[in-house]
Amino acid sequence: MPVRVVDTATPSSQPSSGQDANAGHPSPPSCSLLSAGRCYAGTQNVSNIQKEEAWKVNVRIHGCDLEQGYLCGTMEALNVPLADTPVVTFWEGEIVDAKNYTFFTGKWEASPEDDIRHWSKFPSFTPLLSQIETDGGKSVDLSNYAYIFMRWKEQYFVNVGVDCGLTIAGFYYVCFSCSDGSISGYYYDPNSSPFQKLELKCTNEKDSGFTFSSYELQCQLQHQIGLNKGHESPRGLA
């Protein structure tokens, strides 16, 4: 959720969906460190050419469904200069599994070149690169891989309005380590500083979470409350 930048460029056309209909791939490995109720703490580097800056960030996962390649949660930025209070956003994630989602985003103004450029920032992606370039990663088996790749897209502000001076128009390329629960990510938004790095460590904290069905209902209720309060969809942000 970097500082909003006014976009004066002509918006690009919307690419096709990043989903893949190939159902022959098993899901990524089940990992207790990536499950509902898990908490993570760290920083997001939002430095630009004017100054160095990093925000403290807390993330909580509220729902996770590996079979559907879906997860969701909240992100809290603690020391945002433009905000009088910690800024909380609700996000939804796509898990790259070559079944539900591939490494190619196909939306959110991200080109295939943008995808490769960002995924290549993760050393764990390097062994997969040649196969990705050959067939788009459709034949890559990630079911026993030690890392889980995801995209996190913030959907709306939870506790502040859209006029808070921040933007959630972009999304995060995310790499999760199954061995220790650490998370690395890079924020992508053509109108924000490039390669803003997210670094999180899994904490010992874990609440009871929700069953997935009950959380889906809660998400719907929270989303409706947000709409009623004027928390618009981030797709309309500059």
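Author: Buried means under 20% relative accessible area. With that cut-off in hand, we can look at strand S6 in this predicted model.

Reader: What makes strand S6 mostly covered?

Author: Seven of the seven residues in S6, which spans residues 171–177, are buried. Phe-171, Tyr-173, Cys-175 and Ser-177 point one way, Tyr-172, Val-174 and Phe-176 the other way, and all are buried. Side chains in a regular strand alternate between the two faces of the sheet.

Reader: Why are S5 and S6 called paired?

Author: Pairing takes at least two bridges, and strand S5 (residues 147–157) is joined to S6 by six bridges, so the two antiparallel strands pair. Within S6, Tyr-172 is the bridge partner of Trp-152.

Reader: How do you know that S7 pairs with S6?

Author: By that same cut-off of at least two bridges: six bridges link S6 to strand S7 (residues 183–188), in the antiparallel sense. Tyr-173 stands opposite Tyr-186 in S7. The hairpin of S6 and S7 has five residues between the strands, and Gly-181 there takes a positive phi near 75°.

Reader: Why is Cys-31 not counted in a disulfide?

Author: A disulfide needs two cysteine sulfur atoms within 2.5 Å. The closest cysteine sulfur to that of Cys-31 belongs to Cys-178 and lies 4.5 Å away, so it is too far for a bond. The sulfur of Cys-202 is 8.0 Å from its closest cysteine sulfur, in Cys-39, also too far. The structure holds zero disulfides.

Reader: Why is Cys-31 called buried?

Author: Its relative accessible area is 11%, and the cut-off is under 20%, so Cys-31 counts as buried.

Key: Residues numbered from 1 in each chain as written. Predicted model: local features only at pLDDT ≥ 70, side-chain atom pairs only at ≥ 80, totals over all residues. Heavy atoms only, no water. Buried < 20%, exposed > 50% of the residue type's maximum accessible area, 1.4 Å probe, protein only. Helix = DSSP H or I, 4+ residues; strand = E, 2+ residues; numbered from the N terminus.
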